[in-house]
Amino acid sequence: MSGQYEVGSIVEGKVTGIKPFGAFVALDEKKQGLVHISHIAHGYVKDINEQLTVGDQVKVKVLSVDEESGKISLSIKETQPKPERTERPRPQGGAPRGGGGGNKRAGGGQQSQAQGFNTLEDKLKDWLKQSNEIQADLNKRIKK
């Protein structure tokens with residue numbers, strides 16, 4: 001390409017640097033862009049060095065180009081197919097608190113209390129009740 005990269009285009013690049021917040025990718029001799037850590041992969045990336053190394057050839061999608069500063073935002077995950085979401089429901093369904101609590105909350109306040117979950121409204125009522133009891137005790141002491 002002739003130095004002008006269009007938003008949405010997919011290009012090849014070479015990883016030239018890695019920082020905790022992202023990876024720098026050279027698109028040609030003069031232009032380079034940044035792949036933010038959130039655009040490295042579809043899953044959670046704790047350490048970029050586990051995903052990329054300097055010198056890797058990567059396919060990136062151009063997310064934005066700032067004409068004034070010349071900054072180019074890139075994404076690696078946008079060039080990869082999105083994984084199916086079969087992994088997320090398993091931990092919730094398999095965990096005793098996660099699966100049971102999530103279903104009970106949708107059912108209403110009475111059931112969620114039976115499972116040990118209190119809504120903010122329920123907690124507020126309890127706090128007000130405690131406050132009123134303490135105030136009543138203080139008033140009794142003052143009258144004596």
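Q: How many aromatic pairs are there in this one?
A: The count comes to 1 aromatic pair, in what is a predicted model.

Q: Which residues form that aromatic pair, and what is the geometry?
A: F21 and F24 form the pair. The ring centres are 6.3 Å apart, with 90 degrees between the planes, and that arrangement is edge-to-face.

Q: Why edge-to-face rather than tilted?
A: Because planes over 60 degrees apart count as edge-to-face, and the angle for F21 and F24 is 90 degrees.

Q: And are those rings buried or exposed?
A: F21 is partly exposed, with a relative accessible area of 40%. F24 also counts as partly exposed, at 25%.

Q: Stepping back a bit, what's the overall layout of the protein?
A: Along the sequence the pattern reads β-β-β-β-β-α-α-α-α. That comes to 4 helices and 5 strands.

Q: What share of the residues is buried?
A: Buried residues make up 22% of the 144 in the protein.

Q: What about contacts between residues at least 24 apart?
A: Taking contacts between residues at least 6 apart in sequence, 51% of them join residues at least 24 apart.

Q: OK, on to the largest nonpolar core. How many residues does it have, and which have the most contacts inside it?
A: That core has 19 residues. Those with the most contacts inside it are V25, L27, I40, L52, V60 and L74.

Q: Which elements give two or more residues to it?
A: Those are β1 (10-19), β2 (22-26), β4 and β5 (72-75). Of these, β4 gives the most to the core, with 3 residues.

Q: Is there a general tendency behind cores, and what is it?
A: In soluble globular proteins, nonpolar side chains tend to be buried together.

Q: You listed V25. What is it in contact with, leaving aside its neighbours within four places?
A: V25 is in contact with G13, K14, V15 and T16, and with Q32, G33 and V35. V58, V60 and L74 are also on its contact list. V60 and L74 are, like V25, among the core residues with the most contacts.

Q: Switching to pockets: what's the volume of the second largest one, and what lines it?
A: Its volume is about 160 Å³. The lining is made up of F24, Q32, G33, L34, S64, D66, K71, I72 and S73. You'll recognise F24 from the aromatic pair.

Q: Which elements give two or more residues to that lining?
A: β3 and β5 do. The most comes from β3, with 3 residues.

Q: And the mix by class?
A: The lining has 3 nonpolar, 4 polar and 2 charged residues.

Q: Now the loops. Where does D47 sit?
A: D47 is in the loop between β3 (32-36) and β4 (57-65). At 31% relative accessibility, D47 counts as partly exposed.

Q: How far is D47 from I37?
A: Their C-alpha atoms are separated by 8.6 Å, and the two residues are 10 apart along the chain.

Q: What about E78, where is that one?
A: E78 lies in the loop between β5 and α1 (89-94). E78 is partly exposed too, with 39% relative accessibility.

Q: What does E78 contact beyond its neighbours within four places in sequence?
A: H39, K61 and L63.

Q: Last one: how far is E78 from G8?
A: C-alpha to C-alpha, E78 and G8 are 9.6 Å apart in space, while in sequence they are 70 residues apart.

Terms used. Residues numbered from 1 in each chain as written. Predicted model: local features only at pLDDT ≥ 70, side-chain atom pairs only at ≥ 80, totals over all residues. Heavy atoms only, no water. Phe/Tyr/Trp six-rings, centres within 6.5 Å; stacked < 30°, edge-to-face > 60°. Buried < 20%, exposed > 50% of the residue type's maximum accessible area, 1.4 Å probe, protein only. Core = buried A, V, L, I, M, F, W, Y, C linked by side-chain atoms within 4.5 Å. Contact = heavy atoms within 4.5 Å. 1 Å grid on protein atoms, 1.4 Å probe; cavity = no way out; pocket = protein on both sides within 12 Å on 5 of 7 lines; lining within 4 Å. Points joined across faces, edges and corners; volume = space filled by probe spheres on them. Nonpolar A, V, L, I, M, F, W, Y, C, P; charged D, E, K, R; others polar.
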